[in-house]
Amino acid sequence: MSRLRMALALASAAALTACATAQADTAGPKSASSSELPKRAENPYASTYAPYGSQTTVIENANIYDGAGGKIMGGTLLIEGGKVAAIGTAVDAPADALRIDAGGKWVTPGIIDIHSHLGNYPSPSVDAHSDGNEVTGPVTSEVEAQHGVWPQDPGFSRALAAGVTTLHILPGSANLFGGRGVTLRNVPARTVQGMKFPGAPDSLKMACGENPKRVYGSQGRMPGSRMGNFALYRITWQKAVEYDRQWDAWDEKVENGTAKAKDIPKRDLQLDTLRGVLDGEILVQNHCYRADEMAGILDLAKEFGYKVSAFHHAVEAYKIADLLKENGTCAAMWADWWGFKMESYDGIRENIPFVHAAGACAITHSDDDIGIQRLNQESAKALADGNRAGLNILPETAWTWIGMNPAKALGIDDEVGSLEVGKRGDVVLWNGDPLSVYARPEKVWLDGALLYDAGSGMRPVSDFELGQPGEGDTK
Amino acid sequence: MKTIHFSGAAAIAAAIAVTAPAAAQDFTIVNARLIDGTGAAERSNTTITVRNGRVANVGSGGAAGGTVVDAQGAYVTPGLVAAGSVLGLVEVGGVASTNETRSSKSPYSAALDMADAINPASTAIGVARIEGVTRAVVSGSPSGDLFGGFGAAISLDATDPTPLMNAAAFQVIDMGENGARRAGGSRAAAFARLEDALSEAAAYARAPARYGDGRSEDSLLTRADAAALSRVIDGSAQAMINVDRASDIRRVLQLRSDYPRMKIVLAGVAEGWLVADEIAAANVPVVAVPMRNLPASFETLAATQSNIGRMVAAGVKVGVIDAGGPSVSPQLPQQAGQLVAQGRIPGATGLSHEQAIAAITSIPADIFGLTRSGRITPGARADIVIWDGDPLETASAPTAIWIDGNEQPMTSRQTKLAERYNPANADTGLPKHYTRPR
């Protein structure tokens, strides 16, 4: 069904180009000609991001963590046309390329944070800016993080100065179904559309445990317990399965030319998102701390026929690393946060490396506007704790936790996450070993465009910070 | 004479397990790469002699006798002093019955004494201890009124069931936005509240027995709170005042013109660098969080990680606090490490390695009256940590820790969990519940 839906999307995109405007779904009965059937606007709020101007750049004499688990000492990286054009120890660069001698400093791919609330819980964190949780009902899969992102959040510029080039903005965890998440390029922009990662799949944020049951239980509503959490997941997924079936039947009629406009199913934005999950087009990012609950969610996903892309926070992932591996589900984790709530009480510093050692996909995430500036340090912390516990994980492997692994869990690993030829030229030149607490980016490129340069003081300043104390400071 | 060749925690633990007496042990650490916590330059090949729980001598050369620990060139620092901590007050942050930091339904505020609430058996203490924290300055948060009660200092010594050091050493006071909110909605209300409370406390101090005579029944300060605040006025307890905005800092510094004996510690101080000269001139110490560089509120618009470096450059005494973190355990070395890193960014200001370590050892110890703590100098308490790398790197960890000369266990509830689930360990064929690591 996924393939069929994809074909339809392409067909209607072409139709849209032809007539230039999207029609509503409310058109009356018409004949069976598919060109006259109601059209749905595909990809509304589409990305308008286009790479900024770049010049062919070659970084020589660099030590490189490539983000996919590789390391090159004394290597060269060529960025051409905004893409990684070559990487290795012997690279032929065009004569007119801008040459940067890294002098033995380190180069990595831009960091990816799979769990951020920049923009939807921006600075300053005044009530008027609180746009990350639609706390009016436990099932709000119809809301979208992109509609709550304030692009002037100064936090984006801090993350850029820390080497973060791609980030995923999620709704909060008050709701069982929190809404859609959006993947952003970390570029300054007037609009969220100007930041959206072109073609990146949406996510569905789901949440386990204490938050939903506390928020709604305290209002005397379901869910008021973990039992209620699961009951409402199941009730909702059952609706989604039935909705998906209706639309699949419709799509099939469209396909074989027997569709009649009057028979078109009623569109439900809440269930649309869930249908996208069932069709594999929207990736589930599931806030979940406890091992037993994650195991329950994996069974829930099997019951209704979808996949969990990643558990987020996953403080007890180390207890079920084998299940994560078996199900192909990543765990996005902090290095050492624990104890701030009951479901984080069993946190251990070896969580990330233990998950990795079990052969599962481990990710270092932030969920925090300060933490997003330290993802390299947090990974270094986890790496060392794992090795101290007897594991033997290499530094270049640890960089996959903020490189290829989050890229995979976000469905963008063919474009970012590593410095492989043909991928986006998202590159960080560090002033020291990037796993050291003392390291900071010297230069950060997105799609080959230099957007941060510590040496020249080139850094974005959001509209909010203009004219304020500390405007343009090093921060 | 017995020499322990230092090669990790296990060797030390094994050696100490054989010899450890209940009381503090005399020993000598040789071949230490010492950063003594005072800000003095690092010294290699150092010998530290410990007698009766105190540092007897710091020098070079071999040991005179007794147990010898060979640090084999590893970094050695004083134990870390966690200021702004909730260790012993919080087991699980979100579980109210185990979180002693707020008392919003109490009729008392300044009279609250965290010493009454500290639980030395909290698992968070063990977690922090193996990160190198040997002393903590703990305090609650104001919740009803401006006043959060008295904070206290504790030792994290696992061999000491009564870890309280300095009780009622300081009073926590919220000003700025939080103070404004607690006082009724404005900064003017916060200062009116503060000044009224202090004048009430002064009245109490003049004649405790007559306190309240002739007052209206709607008096805003209880007798117990007045008694507590009288200690702030006479300087026998410091006032740790939470404040961020530059103008608020200036206004707080003026308090001493009315109350000259008051001893102020500024806490938070996100915009301190804008008024660093004035803070230095007032000779008021500061405790601040390194990792703040966002305009999280309208009172921290100028926040930058150069803040501490710039204040120190202006002559302000600044200790690091790790307040507001998500976990109950501090990340002090990582916080201090940012200050060194900041100094390497063009246009920014940081601290030297030694200064950064002083900011998490001797400086907070001095600010909060933990004399002889946070330093490895003759006469100091023997709070000593040996590290497996640069202490400020997130990859580093302590390999041996002494508090008052007592060797500390290198385990916590977390290490037990980790050991139970370590994938490097063989499967026992039984549920994990039957595995109880040491």
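Begin by selecting B:A158, a residue that is partly exposed, with a relative accessible area of 39%. The model on your screen is a predicted one, and it helps to keep that in mind at each stop of this tour. B:A158 is found in the loop of chain B that runs between β9 (147-155) and β10 (170-174). Now add B:N406 to the selection and draw a distance between the two C-alpha atoms: they are separated by 8.6 Å, although the two residues stand 248 residues apart along the chain.

**Residues with an unusual backbone**

Stay in chain B and move to B:N31, whose place is in strand β2 (residues 27-34). The phi angle of B:N31 is near 60°, which is a positive value in a residue other than glycine. B:N31 has a relative accessible area of 28% and is therefore partly exposed, since that class covers the values between 20% and 50%.

Next, switch to chain A and select A:N43, which you will find in the loop between α1 (2-19) and β1 (57-65). A:N43 has a positive phi of about 55°, although it is not a glycine. Is A:N43 buried or exposed? With a relative accessible area of 56%, A:N43 is exposed, because that value is over the 50% cut-off.

While you are in chain A, select A:S123 together with A:P124, and look at the bond between them: it is a cis peptide bond, with omega at about -5°. A:P124 sits in the loop between β6 (111-116) and α2 of chain A. A cis peptide bond also joins A:M222 and A:P223, where omega is about 5°. For A:P223, the place to look is the loop between α3 (210-217) and α4 of chain A.

**Aromatic rings**

Over all chains, the structure holds 20 aromatic pairs. A pair of aromatic rings is described by the distance of the centres and the angle of the planes. Select A:W237 and A:Y306, which form a stacked pair with 4.3 Å from centre to centre and 25° between the planes. This pair links distant parts of the chain, for A:W237 belongs to helix α4 (residues 226-256) of chain A, while A:Y306 lies in the loop between α6 (291-304) and β11 (308-313), 69 residues apart. Both A:W237 and A:Y306 are buried. If you then add A:F177, A:F230 and A:Y233 to these two residues, you will have selected a cluster whose members are linked by ring pairs.

For another kind of arrangement, go to chain B and select B:Y204 and B:Y211. How far apart are the ring centres of B:Y204 and B:Y211, and at what angle are their planes? The centres are 5.6 Å apart and the planes stand at 75°, so the pair is edge-to-face. B:Y204 counts as buried because its relative accessibility is 15%, and B:Y211 counts as buried at 9%.

Rings can also have a charged side chain over them, and there is an example to look at in each of the two chains visited so far. In chain A, select A:F197 and A:R424, and you will see that A:R424 lies over the face of A:F197, at 4.8 Å from the ring centre. In chain B, select B:F191 and B:R251, where B:R251 lies over the face of B:F191, at 4.2 Å from the ring centre.

**Cavities**

The last part of the tour turns to the spaces inside the model, where a search of the whole structure finds seven cavities of 30 Å³ or more. The largest cavity has a volume of about 280 Å³. To find it, select A:R158, A:A161, A:T474, A:K475 and B:N293, which are the closest to its centre of the 21 residues that line it. Helix α2 (residues 155-161) of chain A gives the most to this lining, with three residues. The residues of the lining of the largest cavity divide into seven nonpolar, seven polar and seven charged.

Finally, select A:D336, A:R349, B:E131, B:P330 and B:Q331, which lie nearest the centre of the second largest cavity, among the 19 residues that line it. About 200 Å³ of space lies in this cavity. Helix α10 (residues 332-342) of chain B supplies the largest share of the lining, three residues. Eight nonpolar, six polar and five charged residues make up the lining of the second largest cavity. Why does the second largest cavity lie between domain 1 and domain 2 of chain B? Domain 1 (2-78 + 386-407) and domain 2 (80-372) of chain B both give residues to the lining, so the cavity lies between them.

Terms used: Residues numbered from 1 in each chain as written. Chains lettered and ligands numbered in written order. Predicted model: local features only at pLDDT ≥ 70, side-chain atom pairs only at ≥ 80, totals over all residues. Heavy atoms only, no water. 1 Å grid on protein atoms, 1.4 Å probe; cavity = no way out; pocket = protein on both sides within 12 Å on 5 of 7 lines; lining within 4 Å. Points joined across faces, edges and corners; volume = space filled by probe spheres on them. Helix = DSSP H or I, 4+ residues; strand = E, 2+ residues; numbered from the N terminus. Nonpolar A, V, L, I, M, F, W, Y, C, P; charged D, E, K, R; others polar. Domains from an automatic or database assignment. Phe/Tyr/Trp six-rings, centres within 6.5 Å; stacked < 30°, edge-to-face > 60°. Buried < 20%, exposed > 50% of the residue type's maximum accessible area, 1.4 Å probe, protein only. Lys NZ or Arg CZ within 6 Å of the ring centre and 35° of its normal.
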